[in-house]
Amino acid sequence: MNSAADFALTEQQVRFFESFGFLKVPGLFRADVARIERAFDAVFAAEETPFYLPPDNEFHHTDDPRYAEQLRQIVPGFLDKSPELSWLKDDPRLLGAVRSLLGEGFTYSESDGNLFNCDVYWHTDLYGADASKENVKLFFYLDPLGADSGALRVLPGTHHHKGSYGPRMRSDLYTPGKATDLYDIALEDFPSYTIDVIPGDLVIMNFRVIHGSWHGAPGRKLFTVNYTQAG
Ligand SMILES: O=C(O)CCC(=O)C(=O)O
């Protein structure tokens with residue numbers, strides 16, 4: 001039986017994460033994709049009163065009137081909704097990766113399940129987080145995704161909040177409508193890195209990194225798991 005120590009990230013992976021604020025670990029959960037996806041679908045099917053993000057949320061957008069009121073369905077406390085998912089919280093692959101980035105004593109700080117029918121404009125995940133500590137988000141995408149099909153795009157290095165680039169981009173992109181005027185380019189054309197994925201890949205991101213997604217098909221599936229550094 002493997003332990004978290006067996007799944008420590010390499011020195012190079014840790015350096016990549018520290019420099020750019022994100023990392024993809026290809027295929028880490030490939031063997032479990034079928035059961036994870038079955039459980040994901042079952043949790044969404046069991047929601048009796050689905051919660052949708054309010055349609056006036058300025059960071060989410062669709063031109064398709066069918067989804068104007070249903071931009072993003074969110075299930076909070078996602079891993080605890082099913083024993084077929086809750087095992088992930090203690091999975092050594094996940095704990096090994098997180099320990100490599102946050103050190104000992106990190107804490108689990110919730111998970112959510114998402115079905116997207118929209119683009120997601122540039123933002124950080126700092127809202128409501130304890131920004132005095134490092135926070136990481138683990139993304140499990142259940143569809144193969146590229147730049148034109150809703151893959152996560154990041155502005156690498158924007159977690160370096162003591163330099164000038166991160167704070168400048170956060171301020172310029174804070175109001176999506178204003179950002180396009182400031183630069184006279186479409187939001188999706190801001191220089192970024194696209195994290196192509198297939199199901200089973202794990203993506204890890206520092207909460208401070210500016211990220212978004214464009215051109216996802218309706219019903220794009222994602223769940224995320226968050227961890228906070230000890231302290
Ligand atoms: O559209 C996406 O995949 C990104 C979702 C996201 O930004 C988030 O959950 O924080």
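Start by selecting Arg170, which you'll find in helix H5 (residues 165–173). Helices here are DSSP runs of H or I with at least four residues, strands are runs of E with at least two, and both are numbered from the N terminus. Before you go on, note that this is a predicted model: local features need pLDDT of at least 70, side-chain atom pairs count only at pLDDT 80 or more, and totals for chains, interfaces and linings use all residues. Residues are numbered from 1 along each chain as its sequence is written.

**Around Arg170**

Is Arg170 buried, exposed or partly exposed? It is partly exposed, because 18 other C-beta atoms lie within 10 Å. The cut-offs are 20 or more other C-beta atoms within 10 Å of a residue's own for buried, 12 or fewer for exposed, and anything in between for partly exposed, with C-beta atoms placed from the backbone. Now show Thr124, Thr158 and Ile210: setting aside neighbours within four places in sequence, these are the residues in contact with Arg170. Contact means that the C-beta atoms, placed from the backbone, lie within 7 Å. Then pick Arg153, 17 residues from Arg170 along the chain; the two C-alpha atoms are separated by 15 Å.

**Zoom out**

Switch to a cartoon of the whole chain and you should be able to pick out six helices and eleven strands. The radius of gyration is 17 Å, close to the 17 Å that the globule rule gives for 231 residues, so the chain is as compact as a globular protein of that length. That radius is taken over C-alpha atoms, and the rule is 2.2 Å times the number of residues to the power 0.38. The C-alpha trace spans about 55 × 45 × 30 Å along its principal axes. Of the 231 residues, 30% count as buried. Take the contacts between residues at least 6 apart in sequence: 82% of them join residues at least 24 apart.

**The five-stranded sheet**

Colour the strands in the order E2-E5-E10-E7-E8: they form an open sheet with antiparallel pairing. Its edge strands, each pairing on one side only, are E2 (60–61) and E8 (193–195). Strands count as paired if DSSP finds at least two bridges between them. E2 and E5 (residues 119–123) pair over two bridges, and His60 stands opposite Val120 in E5. Two bridges also join E5 to E10, again antiparallel. Keep Val120 selected, since its bridge partner in E10 is Ser213.

**The ligand**

Which residues surround the ligand? Select Phe116, Val120, Asp125, Leu152, His211, Ser213, Leu222 and Thr224. A residue is counted here if its C-beta atom, placed from the backbone, lies within 6 Å of the ligand. Strands E10 (211–213) and E11 (220–228) are the elements that give two or more residues to this shell. By class, the shell has four nonpolar, three polar and one charged residues. Ala, Val, Leu, Ile, Met, Phe, Trp, Tyr, Cys and Pro count as nonpolar, Asp, Glu, Lys and Arg as charged, and the others, Gly among them, as polar.

**The six-stranded sheet**

E11 takes you to another open sheet, in the order E1-E9-E6-E11-E4-E3, with antiparallel pairing. Here the edge strands are E1 (22–25) and E3 (72–76), each pairing on one side only. Neighbouring strands are turned by 20° against each other on average, direction ignored. Axes are lines fitted to C-alpha atoms, for helices over the stretch in contact, and angles run from 0 to 180 degrees between N-to-C directions. Click on E6 (residues 135–141) and E9 (residues 202–206), which pair over four bridges; the bridge partner of Lys137 in E9 is Met205.

**Helices to visit last**

H1 (residues 11–20) lies across E1 and E9, running at about 145° to E1. H4 (residues 92–102) lies across E1, E6, E9 and E11, at about 150° to E6. In H4, show Leu94, Leu95, Ala97, Val98 and Ser100, which are buried. The buried residues of H4 pack against H1, E1, E6, E9 and E11. Just after H4 comes Gly103, with a positive phi near 80°.

Finish at H6 (residues 176–183). How many of its eight residues are buried? The count is zero, and the helix is hardly covered. Asp184 follows H6, with a positive phi near 55°.

Notes
Two residues are in contact if their C-beta atoms, placed from the backbone, lie within 7 Å.
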